[in-house]
Amino acid sequence: MMTHLTARKAPPKFTSRVLAGLMGAMLLAAPATAGDLDLDSYLETVREESGLPALAAAVVKDGKTVAVAAVGTRILGKDLPVTLDDRFHIGSNTKSMTATLAGMMVDEGKLRWDSSIGEILGDDVKGMSESLANATLEQLLSHSSGIPSDNESIGDLYFNADVFDYNLSALRVHLIDQWKNNEITVPDGSPFQYSNLGYLIAGVMIEKASGTTWEQLIRERIFEPLEMQTAGLGPQATYGKLDAPVGHRIGPDGTVTPMLWGPAADGPQVIAPAGNAHMSVVDYAKWAGWNAGAGERGPELVSADTLQQLHTPKVVTPIRKNPPPGTPGTGDYGFGWGFVEFDWADKPLMTHNGSNSMNLAKIVVDLDRDLAVVVMTNYPGTTADEAAGKVMQHLYEAYAE
């Protein structure tokens, strides 16, 4: 998503169990096999060692969820155990869903991959710069349009009082209108610049082409066909209820504050197409499994050719040292998916991270093996990123045999 905060020190642990720690040393010493993996115990060990409030993971093989667990608490330091139905925020992992919605519009002849911003939105945003008007849908979805990563001026547009005067679809158009005079430039070397604004604009193009809000489309065209019953948008806890693992914000001094609900519990909703979905680990596994099947299993959300486009690398991402959790640091990028060579896999894998600076989610998909792993936690920063990465590797190695 947009802003990422990094902890200066690990948070206080929810519980401390010497036995669990000893088990963890054994569990993490060598990769488990699928047959002997106790996922609940493994996740609890990683969660305690990392001081995370909650941690969930699932493995999908050949379209079936073969392992799934959720451990910990909804709020750090509280006795509010999570369940498999609890909703976790997936942040920028929503981008692959927005890209899939774009693919639906392409299949229906309402958009083309080379449709330009000016062609689709010129009547609504008059007088935009020539370079912005010429940027195409495929460039927006692959972060290669020249639109920059979030900066102070873009952030000021996300966070302003206009939110009280517009519906979200109209607010997005209004935001583009405020930014329309900017000339965009593709950098030398790799054209890749991770851009939430680019995905916001792609979302508006999808809304214009479909005549339907992005929020309705993602529910009607993705959540419902895949029977993702817990899937929703915005902060994961119901207003006034502690019915989900809430996100946590880490202050500059390392203090941790649970963000319960309301505007402060998620990023600005105007950039929802860039990343504001939430769902249970069970339902996120359905999305992972559908992609891992490469269109061989229903429902047929997009054509086979379009799904292949979504799953094909488009640009090389420049190597960045210590990228913010939730953003890519290396590899290639397609439409809402990264393609990364992990040192624990025998080939590049389709993957993405997501964080709204209060939560973190990871997904990895092996199309050849029809295998996917998802990991989710309600905690941000490097501590969560390292723990979730460790789990993702462990589970992939256990089930890739």
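Let me begin with a term: a residue is called buried when its relative accessible area is under 20%. The structure before us is a predicted model, and I shall use that term first for strand 3.

Strand 3 covers residues 87-91, and five of its five residues are buried. Arg 87, His 89 and Gly 91 point one way from the strand, while Phe 88 and Ile 90 point the other way. Both sets are buried. The partner of strand 3 is strand 7, residues 277-280; the two are antiparallel and share four bridges. Within that pairing, His 89 is bridged to His 278 of strand 7.

Arg 87 also leads us to Thr 238, since these two residues have side chains joined by a polar contact of 3.4 Å. Thr 238 lies in the loop between strand 4 (232-233) and strand 5 (247-250). Is Thr 238 buried or exposed? Neither term applies: its relative accessibility is 35%, and therefore it counts as partly exposed. Beyond its neighbours within four places in sequence, Thr 238 is in contact with Arg 87, Asp 243 and Trp 261. As for Asp 79, it stands 159 residues from Thr 238 along the chain, with 18 Å between their C-alpha atoms.

I turn now to the open sheet. Eight strands make it up, in the order 2-1-13-12-11-10-9-8, and their pairing is antiparallel. Its edges are strand 2 (64-72) and strand 8 (315-316), each of which pairs on one side only. Inside that order, strand 10 (residues 338-340) and strand 11 (residues 349-354) run antiparallel and are joined by three bridges. One residue pair to note is Phe 339 with its bridge partner in strand 11, Met 350.

Two helices that pack on this sheet deserve mention. Helix 2, residues 39-50, touches strand 1 (54-61) and strand 2, and its direction makes about 40 degrees with that of strand 2. Helix 12, residues 281-292, touches strand 1, strand 2, strand 11, strand 12 (360-366) and strand 13 (371-377). The direction of helix 12 makes about 150 degrees with that of strand 13.

Finally, helix 14, residues 381-399. How far apart should its ends be? At 1.5 Å a residue, its 19 residues should span 27 Å, and the end C-alpha atoms are indeed 27 Å apart, so the two values agree. The buried residues of helix 14 include Ala 384, Ala 387, Ala 388, Val 391, Met 392 and Leu 395. As a general point, an α-helix has 3.6 residues a turn, so residues three or four places apart point the same way.

Terms used
Residues are numbered from 1 along each chain as its sequence is written. This is a predicted model: local features need pLDDT of at least 70, side-chain atom pairs count only at pLDDT 80 or more; totals for chains, interfaces and linings use all residues. Side-chain values use heavy atoms; hydrogens and water are left out. Buried means under 20% relative accessible area, exposed over 50%, partly exposed in between (1.4 Å probe, protein chains only). Two strands pair if DSSP finds at least two bridges between them. Contact means heavy atoms within 4.5 Å. Axes are lines fitted to C-alpha atoms, for helices over the stretch in contact, and angles run from 0 to 180 degrees between N-to-C directions. The expected span of a helix is 1.5 Å times one less than its number of residues. A polar contact is a pair of N or O atoms within 3.5 Å; within protein, one must be able to donate a hydrogen and the other to accept it, and residues adjacent in sequence count only if both atoms are side-chain atoms.
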